[in-house]
Amino acid sequence: MRILLTNDDGIHAEGLASLERIARTLSDDVWVVAPEQDQSGYAHSLSISEPLRLRKIGEKHFAVRGTPTDCVIMGVKKILPAAPDLILSGVNSGANIADDVTYSGTVAGAMEGALLGVRSIALSQAYSYLGEDRVVPYETTEALAPALLKKLVAMQLPDGVLLNVNFPNCLPEEIAGTVVTSQGKLVHSLWVDERRDGRGLPYYWLRFGREPVEGKQGTDLHAMRNRLVSVTPLQLDLTAHEIRDQLTKALA
């Protein structure tokens, strides 16, 4: 099995090294094509107004000055000798659940893989802070992902479907199980933080402001709060099929 790895945290991210160790429990034919720099929050963006720069950093290891989507396209269409059998994106530093899925470059890497007809799975690890330092228990993903991936790879997926896997912020022995979930809903909004530079001119940071939510049972939010590994099937078809008839009647 040929496996292509990518991420949105960048080629030197700790989570990518963790993902490679996981992938090597499945196959010896592992390729890494990841962004040169952090591309978190770039979602499914594509670089079409500037060239892509490719840098080989080791055997089967490449950095692309571009987005996760660019990396998957470069890997499948240019770098690998043939299309991969599996694309793994991650391990992201932080969960990608609920509405965050729409912003996630990690999920976008798997999304592009699905568009190209390759089985694709995104993996993310929730974290906490110790003081000002982010503490990401990648050991949880590394302990649990190999066996889980073997099960997921063995099953057939419909065309246009990808899997979004999230690991809770706890030690491996504290995991309560694995559940199949739906995408939850966060109560949050982006807000604009205005600051001033050295010349007194304004500049701005987009920041998340969130309110606590319970998370309905069966959602990825509920799973994370209850120390359950969340496996969410996502699809490329964004059509709201349930209101098509309603729209047809309204436009008749």
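1. The parallel pair S5 and S6 is a convenient place to begin in this predicted model. Strand S5, covering residues 86-93, runs parallel to strand S6, covering residues 119-125, and six bridges join the two. Within this pair, Leu88 has Ile121 of S6 as its bridge partner.

2. S5 and S6 belong to an open sheet of nine strands with mixed pairing, whose order is S3-S4-S2-S1-S5-S6-S9-S13-S10. The edges of this sheet are formed by strand S3 (54-58) and by S10, each of which pairs on one side only. From one strand to the next the twist averages 20 degrees.

3. Towards the S10 edge, both pairing senses meet at S13, the strand of residues 228-235. On one side, strand S9 (residues 161-167) pairs with S13 in the antiparallel sense over six bridges, and Leu163 has Pro233 as its bridge partner in S13. Strand S10 (residues 177-180), by contrast, runs parallel to S13 and is joined to S13 by four bridges, with Val231 of S13 as the bridge partner of Val180. S13 is mostly covered, since six of its eight residues are buried.

4. Two helices, H1 and H4, deserve to be read together with the sheet. Helix H1 lies across strand S1 (2-6), strand S2 (29-35), strand S4 (61-64), S5 and S6, and runs at about 140 degrees to S5. Helix H4 packs on the sheet as well, touching S5, S6, S9, S10 and S13, and its direction makes about 160 degrees with that of S6. S5 and S6 are therefore named among the strands of both helices, H1 and H4, as the definition of contact within 4.5 Å is applied.

5. The two helices also pack on each other: H1 (residues 14-23) and H4 (residues 138-154) meet at an angle of about 35 degrees, with their axes 9 Å apart, and their crossing is right-handed. On the H1 side the contact is made by Glu14, Gly15, Ser18, Arg21 and Ile22, and on the H4 side by Tyr138, Thr141, Glu142, Ala145, Pro146 and Leu149. By character, the residues of this contact divide into five nonpolar, three polar and three charged.

6. How much of H1 is buried, and which elements cover its buried residues? Seven of the ten residues of H1 are buried, so that the helix is mostly covered, under the cut-off of 20% relative accessible area. The buried residues are Gly15, Leu16, Ser18, Leu19, Glu20, Ile22 and Ala23, and what covers them includes S1, S2, S4, S5, S6 and H4. Gly15, Ser18 and Ile22 appear both in this buried set and in the contact with H4.

7. Ile175 merits a closer look, as a residue of the loop between S9 and S10. Is Ile175 buried or exposed? Its relative accessibility is 18%, and Ile175 therefore counts as buried, the cut-off being under 20%. Leaving aside residues up to four places away in sequence, Ile175 touches Thr140, Leu144, Pro168, Cys170, Arg227 and Val229. Ile175 and Asn226 lie 51 residues apart in sequence, yet their C-alpha atoms are 8.6 Å apart in space.

8. Gly41 offers a second loop position for inspection, this one between S2 and S3. With a relative accessible area of 52%, Gly41 is exposed, because the cut-off for that class is over 50%. Even so, when residues up to four places away in sequence are not counted, Gly41 touches Asp8, Tyr103 and Gly105. Gly41 and Asp100 are separated by 59 residues in sequence, while the distance between their C-alpha atoms is 8.8 Å.

9. Some overall values complete the note. The protein has six helices and 13 strands, and its C-alpha atoms fill a box of roughly 55 × 50 × 45 Å along the principal axes. A compact globule of 252 residues would have a radius of gyration near 18 Å, and the 19 Å of this protein agrees with that expectation. Buried residues make up 46% of the 252 residues. Of the contacts between residues at least 6 apart in sequence, 73% join residues at least 24 apart.

Key. Residues are numbered from 1 along each chain as its sequence is written. This is a predicted model: local features need pLDDT of at least 70, side-chain atom pairs count only at pLDDT 80 or more; totals for chains, interfaces and linings use all residues. Side-chain values use heavy atoms; hydrogens and water are left out. Axes are lines fitted to C-alpha atoms, for helices over the stretch in contact, and angles run from 0 to 180 degrees between N-to-C directions. A crossing is left-handed if the near helix is turned anticlockwise from the far one by less than a right angle, and right-handed if clockwise. Ala, Val, Leu, Ile, Met, Phe, Trp, Tyr, Cys and Pro count as nonpolar, Asp, Glu, Lys and Arg as charged, and the others, Gly among them, as polar. Buried means under 20% relative accessible area, exposed over 50%, partly exposed in between (1.4 Å probe, protein chains only). Two strands pair if DSSP finds at least two bridges between them. The radius of gyration is taken over C-alpha atoms; the globule rule is 2.2 Å times the number of residues to the power 0.38.
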